[in-house]
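Here are a few friendly notes to read alongside the model. I have kept them short and in numbered points.

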Amino acid sequence: MAKKKTEHKDLTGVKEIARRANVSIATVDRVIHNRTGVSAHTREKISRIIEELDYQPNILARRLASKKPINIAVLIPMVTEETVFWEAPLRGIQRAESEIKQYGINIIPYFFDLNSKHSFSSQAQQILADQVDGILLSPSFIEESIQLTEICQVRKIPFVFIDSNIPDQDSLSYIGPPLYQSGYLGAHLLTYALRKKGKILVVTIAAESGNYNYLQIAEGFRNYFSGNQNGHQVIQTEIKTPDYDSLSYSLAKELVSHADIEAIFVTNSRVFKVARFLEAQKRNDILLIGYDFLKENVNFLEKGIIDFLICHKPDEQGYRGIMTLYQTLVMGATVEKMTLMPIDIITKENFEFYSN
């Protein structure tokens, strides 16, 4: 009886794959571990047999036996009153860590100040000095992110972008919102509530100009109106100093220059700051749309000052980012080049039933 079990195990393992493909066990091993030295025809034949047998090498068992840890760096903004959004991706990262740490995977966080390029660069240099095996990052500063990823490409360190993307960089994967479509949908959503033919103000509150996220969202928003002849003029403003006094001054100036502003679209999670200003000015006649399911945003949503919030599952972004690196570094699996998050619309009627 025991002999039959052993034979059955062999028939569903490497020996049976080699027998069916009429190749050596060493050739099968090269294909399983994605090594060179196998022709494309033979590789395809072996891969097809592996799929037919649903063969899965016991990689995890080997990881448990290995004494060499795999270190994954996480480079994201630190959580502050200004950047509460990043609590959710961090929560997803920690959830993934709890599932894979038993296999010798170390998740090492590196936090940067979202208002400081130097902070980002300093943490990036530390990551490179620590010689990690993979990196999950939010490319909040484009030039500095490219400097990091170009070195990663030379050193063959896989990296994954979350929340924001830099398309011309050879990332392992991008996990985040469909940015252009998100802005386009925001504009479409806004038209359901517009009452007049007033102007629409697009506000970006960020220290960094040229952030890919905000540019793509704003482009999608503008293009909706350019493609739909509805008479609304879209104007834009960037507020680089996010403190409330500076923001209030900038918004008040826009409302004086454009007295017929009917709606404001904020391209990021700091929409609560605009809501605070509108509440103080008693401007409940202006429609307001922004991003992310934060406590401050939900408070103004419940009051009716924010009309809609657009959300992109940030917890899931963090979780999937780590698991993508895990699948590559440990399992040797092929991963999706792009995983786009859903575009969720939250109102005061449904926020109680929503989870990030």
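**Notes on the predicted model**

1. Let me begin with a cysteine: Cys 311 has a relative accessible area of 1%, so it counts as buried, the cut-off being under 20%. Please keep in mind that this is a predicted model.

2. Cys 152 is also worth a look. Its relative accessible area is 1%, which means that Cys 152 is buried. Cys 152 also appears in the lining of the second largest pocket. As for disulfides, the structure has zero of them.

3. What lines the second largest pocket? Besides Cys 152, the lining takes in Gln 153, Lys 156, Ile 157, Pro 158 and Phe 159, together with Asp 170, Ser 171 and Leu 172. By class, five of these lining residues are nonpolar, two are polar and two are charged. The space in this pocket is about 160 Å³.

4. Turning to the whole chain, half of the story is burial: of its 356 residues, 50% are buried. The accessible surface amounts to about 17,900 Å², and carbon and sulfur atoms supply 50% of that area.

5. For secondary structure, you will find 14 helices and 12 strands in the chain. Along the principal axes, the C-alpha atoms occupy a box of roughly 85 × 40 × 35 Å.

6. How much of the contact set links residues 24 or more positions apart? Among contacts in the chain with a separation of 6 or more, such pairs make up 70%.

Note on methods. Residues numbered from 1 in each chain as written. Predicted model: local features only at pLDDT ≥ 70, side-chain atom pairs only at ≥ 80, totals over all residues. Heavy atoms only, no water. 1 Å grid on protein atoms, 1.4 Å probe; cavity = no way out; pocket = protein on both sides within 12 Å on 5 of 7 lines; lining within 4 Å. Points joined across faces, edges and corners; volume = space filled by probe spheres on them. Nonpolar A, V, L, I, M, F, W, Y, C, P; charged D, E, K, R; others polar. Helix = DSSP H or I, 4+ residues; strand = E, 2+ residues; numbered from the N terminus. Buried < 20%, exposed > 50% of the residue type's maximum accessible area, 1.4 Å probe, protein only. Contact = heavy atoms within 4.5 Å. Areas by Shrake-Rupley, 256 points an atom, 1.4 Å probe, with all protein chains shown as cover. Disulfide = S-S within 2.5 Å.
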